[in-house]
Amino acid sequence: MIAFPCAKINLGLNIVSKRADGYHTLETVFYPVPLTDALEIKTMDEKFPSTTSCDLKITGNGIDGEEEDNLVCRAYRLLAEDFSLPRVHTHLYKRIPAQAGLGGGSSDAAYMIKLLDERFRLNIGIAEMERYAARLGADCAFFITSEPAFATGIGEQLVPMSIVRHHLSGYFVGIVKPKVVVSTREAFTYIHPQQPAKCCKDIVTQPVETWRETLTNDFETPIFAQYPELADIKQQLYRLGAVYAQMSGSGSALFGIFKEEPRILSETFQNSFTFTARL
């Protein structure tokens, strides 16, 4: 059985307060984009000599770290605490860039939960799957449905925002992920939480052409100061015709929203990963 975990972009991202537990409260709108990994599971033969119950093979884009520590394996182990699961072979083909602010790892984990639920008829239900996913990462719960949502808390409290899909219908997204690596932990050290002048939930209900002056990502100013090449990419996206451009999450991927397909994106950013699609 195979699934295709999708990436996300953040339409606005504001860090509004710091919590007693050390995490930050945020406001953002998650929006799915059709850039996907591929995730397949097969039941492992009883005689197969594996020391793990979730045998994971990763191909495509390389990922740092041990495979058994991957969120896909952690999702398996989380469900195995409450359900009787057979051992599985898992193949993860990575296409979504890592350390990009696109949610690739979180998406893989959420889709693993959905695959296990469907393949082994666990009948968990969406709400419960979201609760499991939230235990693996702040934005994991979003990928259970992968539908536009206003996110609060640390990213796990979701309110559907179907109106955004209507606003972006017919537009194109162009994504640029340079070789720059931004640590999420590092990014938060630059943040001084504050309430935005206007909530991103309200801004994205307005026409896309009005977003440029009001829809902000709090990580951009400090991260751009550290990595000015990211600011340059954003300005290049506007020069290519984007009606709105922003860094996604804490970076380092940037995206532009275009009325027409940005056909020269790969030629413009030859040393970066690029992706374009209709939204």
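In which helix is the place of F143? In this predicted model, F143 belongs to helix α4, and this residue offers a convenient point of entry into the description that follows.

F143 is buried, its relative accessible area being 0%, a value that falls under the 20% limit below which a residue is counted as buried. When residues up to four places away in sequence are not counted, F143 touches C6, A7 and K8, and it also touches L102, G103, S106, S107, A110, Y111 and K114. With regard to A109, which stands 34 residues from F143 along the chain, the C-alpha atoms of the two residues are separated by 8.7 Å. The backbone oxygen of F143, in turn, lies 3.1 Å from a polar atom of the side chain of S146.

S146 itself is found in the loop that runs between α4 (142–145) and β7 (149–152). With a relative accessible area of 8%, S146 is likewise buried, and, once its neighbours within four places in sequence are left aside, it is in contact with C6, P32, Y111 and R165. C6 and Y111 thus appear among the contacts of S146 as well as among those of F143.

The contact between S146 and R165 leads to the arrangement of the chain as a whole. The domain assignment divides the chain into domain 1, covering residues 2–160, and domain 2, covering residues 162–278. Taken over C-alpha atoms, the centres of domain 1 and domain 2 are separated by 23 Å. At the boundary between them, 32 residues of domain 1 are in contact with 37 residues of domain 2. The size of an interface is often given as the accessible area lost when the parts come together. For domain 1 and domain 2 this buried area is about 2,800 Å², of which 66% is on carbon and sulfur atoms.

Polar interactions also cross this interface, where 17 residue pairs are found in polar contact, both residues of each pair being at pLDDT 80 or more. On the side of domain 1 that touches domain 2, β2 (6–18) and β3 (24–36) each supply at least two residues, and the largest share, 11 residues, comes from β2. By class, the same side of domain 1 is made up of 18 nonpolar, 9 polar and 5 charged residues.

Side chains of opposite charge can pair when their charged atoms come close. Between domain 1 and domain 2 the count is 1 salt bridge, and the side chains of R165 and E147 meet in a salt bridge with an N to O distance of 3.2 Å. R165 is partly exposed, with a relative accessible area of 35%, and E147, at 41% relative accessibility, also counts as partly exposed. Because R165 lies in helix α5 (residues 162–168) and E147 in the loop between α4 and β7, the pair ties together parts that are 18 residues apart in sequence.

For the model, the count comes to 10 salt bridges. One of these is formed by K259 with E209, the closest N and O atoms being 3.2 Å apart. K259 lies in the loop between β11 (254–258) and α10 (265–268), whereas E209 lies in the loop between α7 (200–203) and α8 (220–226), so that this pair ties together parts that are 50 residues apart in sequence. K259 counts as partly exposed at 47% relative accessibility, and E209 counts as partly exposed at 39%. R19 forms a further salt bridge with D21, in which the closest N and O atoms are 2.7 Å apart; R19 is partly exposed at 29% relative accessibility, and D21 is partly exposed at 46%. In addition, D37, K94 and D108 are linked in a network of salt bridges.

A final position to be described is P178, which is found in the loop between β9 (172–177) and α6 (184–189). At 8% relative accessibility P178 counts as buried, and, with its neighbours within four places in sequence left aside, it is in contact with L230, I233, S252 and S272. The C-alpha atoms of P178 and L71, residues that stand 107 residues apart along the chain, are separated by 24 Å.

Definitions and conventions: Residues are numbered from 1 along each chain as its sequence is written. This is a predicted model: local features need pLDDT of at least 70, side-chain atom pairs count only at pLDDT 80 or more; totals for chains, interfaces and linings use all residues. Side-chain values use heavy atoms; hydrogens and water are left out. Domain bounds come from an automatic or database domain assignment. Contact means heavy atoms within 4.5 Å. Buried area is the accessible area (1.4 Å probe) that two parts lose on being put together, summed over both. A salt bridge is a side-chain nitrogen of Lys or Arg within 4 Å of a carboxyl oxygen of Asp or Glu. A polar contact is a pair of N or O atoms within 3.5 Å; within protein, one must be able to donate a hydrogen and the other to accept it, and residues adjacent in sequence count only if both atoms are side-chain atoms. Helices (H or I, at least four residues) and strands (E, at least two) are DSSP runs, numbered from the N terminus. Ala, Val, Leu, Ile, Met, Phe, Trp, Tyr, Cys and Pro count as nonpolar, Asp, Glu, Lys and Arg as charged, and the others, Gly among them, as polar. Buried means under 20% relative accessible area, exposed over 50%, partly exposed in between (1.4 Å probe, protein chains only).
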